[in-house]
Amino acid sequence: MNLALRLAAQGLYTTQPNPRVGCVIVRDHQIVGQGAHLKAGEPHAEVFALRQAGALTEGADVYVTLEPCSHFGKTPPCVQAVIAAKPKRVIIAMQDPNPLVAGRGVAALRAQGIEVVVGLLEQEAAALNAGFISRMTRGLPYVRSKIAASLDGRTALSNGKSQWITGAAARQDVQHWRAQSCVILTGIGTVLADDPSMTVRLTADMRQPVRVIVDSQLRLPVGSKILEPSMLANSPVVVAYATDTQQRAAALEAKGAELVHIANQTQQVDLPQLLQVLAQRGVNEVLVEAGQGLNGALLHAGLIDEFIFYYAPKLMGSAAHGMFAMPEFTTMQQVPDLQVLDVRQVGTDIRVRAKPIARAI
């Protein structure tokens, strides 16, 4: 199963909106077939493994990181192919959270007299597909917020300057988080201050995430780097807005941006609704790269699932911008608690991964 998980991870940057899945077939203690799902519309992991194993699948053990699908999508249901190959046993890391599958694949296998075991390395399999699971169970993508800060928790100088707080190694590490995300989400403040491109720059042929800008008053300049024609073909831009008092929508659409009107009662972008819309479009994972305004709003609304903090060995002082613009807390019971998932050094900086945890009141 560990090998199956490593195979599944080969699709870390490419399977969206599908889950990352690996499969290994073992007969007489020998691996006779293996495969991974690498791209939506292409064969699933089980199909590749079954093709490689051929007749040797009969009486063998099939290890797969996610319950074999039992419905027709872009490809036929994998569970029927597994049944036809007549394995002795199928070991599944986790049940598929997709309501179209959830348990049906397991039931179909057992109905044919095939032994099924579910739950081997389940947590590891779930971590590999946190976004897919979130979209299927909550109707929301899995949201990670990446924040680069000084050791005293400051993200930009008082004049807005923030390039570069962290070193080259940390910035390269961020590229991998971008690459596995379906969407990079930022706010208009970051675009106005830094004029970023927010693309993945690992390889020339890398799949590019959609870039989504929260721009309530539609202030995005038409000359922004993020709207350059050379980038829009492979990395679309979606602008979520609430009001257009300056009548700028047509000009931005002419530049190639897609505009989405999502307003709440205060004439700001409705962030929960925006994430729901993204999930409906098949978005599994969102990487937030924004300033204290959008990060604070997302945190206050309980919409951040994980933080990736990069702390640089710098001190920027109390006049510099903080991480989150939020209403003032008056008691410690109001302060969000975090669970630290991982701490490691990346170049000269420290990376801390953490997630919010519910406080028992």
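## Starting with a pocket

By class, how many nonpolar, polar and charged residues does the lining of the second largest pocket have? There are 11 nonpolar, 4 polar and 10 charged residues in that lining. Keep in mind as you look around that this is a predicted model.

The second largest pocket has a volume of about 560 Å³. It is lined by 25 residues, and the closest to its centre are Ala127, Tyr142, Arg144, Glu306 and Arg353. If you want to find the walls by element, look for helix 5, helix 6, strand 6, helix 7, strand 13 (337-346) and strand 14 (349-357), which each give two or more residues to the lining.

## The largest pocket

Now for the largest pocket, with a volume of about 1200 Å³. Its lining takes in 47 residues, and Thr190, Asp194, Glu289, Ala290 and Gly291 are the ones that lie nearest the centre. Two or more lining residues come from each of strand 6, helix 7 (168-179), helix 8 (188-194), helix 11 and helix 12 (292-300).

Sorted by class, the lining of the largest pocket comes out as 20 nonpolar, 18 polar and 9 charged residues.

## The five-stranded sheet

Move to the open sheet of 5 strands, which has the order 2-1-3-4-5 and mixed pairing. Strand 2 (30-36) and strand 5 (115-118) sit at the edges, each pairing on one side only. On average, neighbouring strands here are turned by 15° against each other, direction ignored. Within this sheet, strand 1 (residues 22-27) and strand 3 (residues 61-64) run antiparallel and are joined by 4 bridges. One pair to pick out is Ile25 with its bridge partner in strand 3, Val62.

Two helices are worth finding next. Helix 2 (residues 45-53) lies across strand 1, strand 2 and strand 3, and runs at about 145° to strand 2. Helix 4 (residues 104-111) also packs on the sheet, where it touches strand 4 (89-92) and strand 5, and its direction makes about 150° with that of strand 5.

## Strand 11 and its partners

Strand 11 (285-288) is covered on both faces: Glu285 and Leu287 are buried on one side, Val286 and Val288 on the other. As a general point, side chains in a regular strand alternate between the two faces of the sheet.

Which strands pair with strand 11 in the parallel sense? Strand 6 does so over 4 bridges, and strand 7 (residues 183-187) is joined to strand 11 by 3 bridges, also running parallel. Val286 is a handy landmark here: Val143 stands opposite it, and so does Val183.

## Helix 6 and Pro17

Helix 6 (residues 130-138) has a run of buried residues: Ala130, Gly131, Phe132, Ile133, Ser134 and Arg135. What do the buried residues of helix 6 pack against? They pack against helix 5 (122-128), strand 6 (142-150), helix 11 (271-280) and strand 11. Just after helix 6 comes Gly139, with a positive phi of about 70°.

Pro17 sits in the loop between helix 1 (2-8) and strand 1. Why does Pro17 count as partly exposed? Because its relative accessibility is 32%, and partly exposed covers the range between under 20% and over 50%. Among the residues Pro17 touches are Phe132 and Arg135, along with Ala40, Gly282 and Asn284. Pro17 and Gly131 are 114 residues apart in sequence, yet their C-alpha atoms are 9.2 Å apart in space.

Terms used: Residues are numbered from 1 along each chain as its sequence is written. This is a predicted model: local features need pLDDT of at least 70, side-chain atom pairs count only at pLDDT 80 or more; totals for chains, interfaces and linings use all residues. Side-chain values use heavy atoms; hydrogens and water are left out. Two strands pair if DSSP finds at least two bridges between them. Axes are lines fitted to C-alpha atoms, for helices over the stretch in contact, and angles run from 0 to 180 degrees between N-to-C directions. Contact means heavy atoms within 4.5 Å. Buried means under 20% relative accessible area, exposed over 50%, partly exposed in between (1.4 Å probe, protein chains only). On a 1 Å grid over the protein atoms alone, a cavity is a set of points where a 1.4 Å probe fits but cannot get out, and a pocket is an open set with protein on both sides within 12 Å along at least five of seven lines; lining residues have an atom within 4 Å of a point. Grid points are joined across faces, edges and corners, and a volume is the space filled by probe spheres set on the points. Ala, Val, Leu, Ile, Met, Phe, Trp, Tyr, Cys and Pro count as nonpolar, Asp, Glu, Lys and Arg as charged, and the others, Gly among them, as polar. Lists of a residue's contacts leave out its neighbours within four places in sequence.
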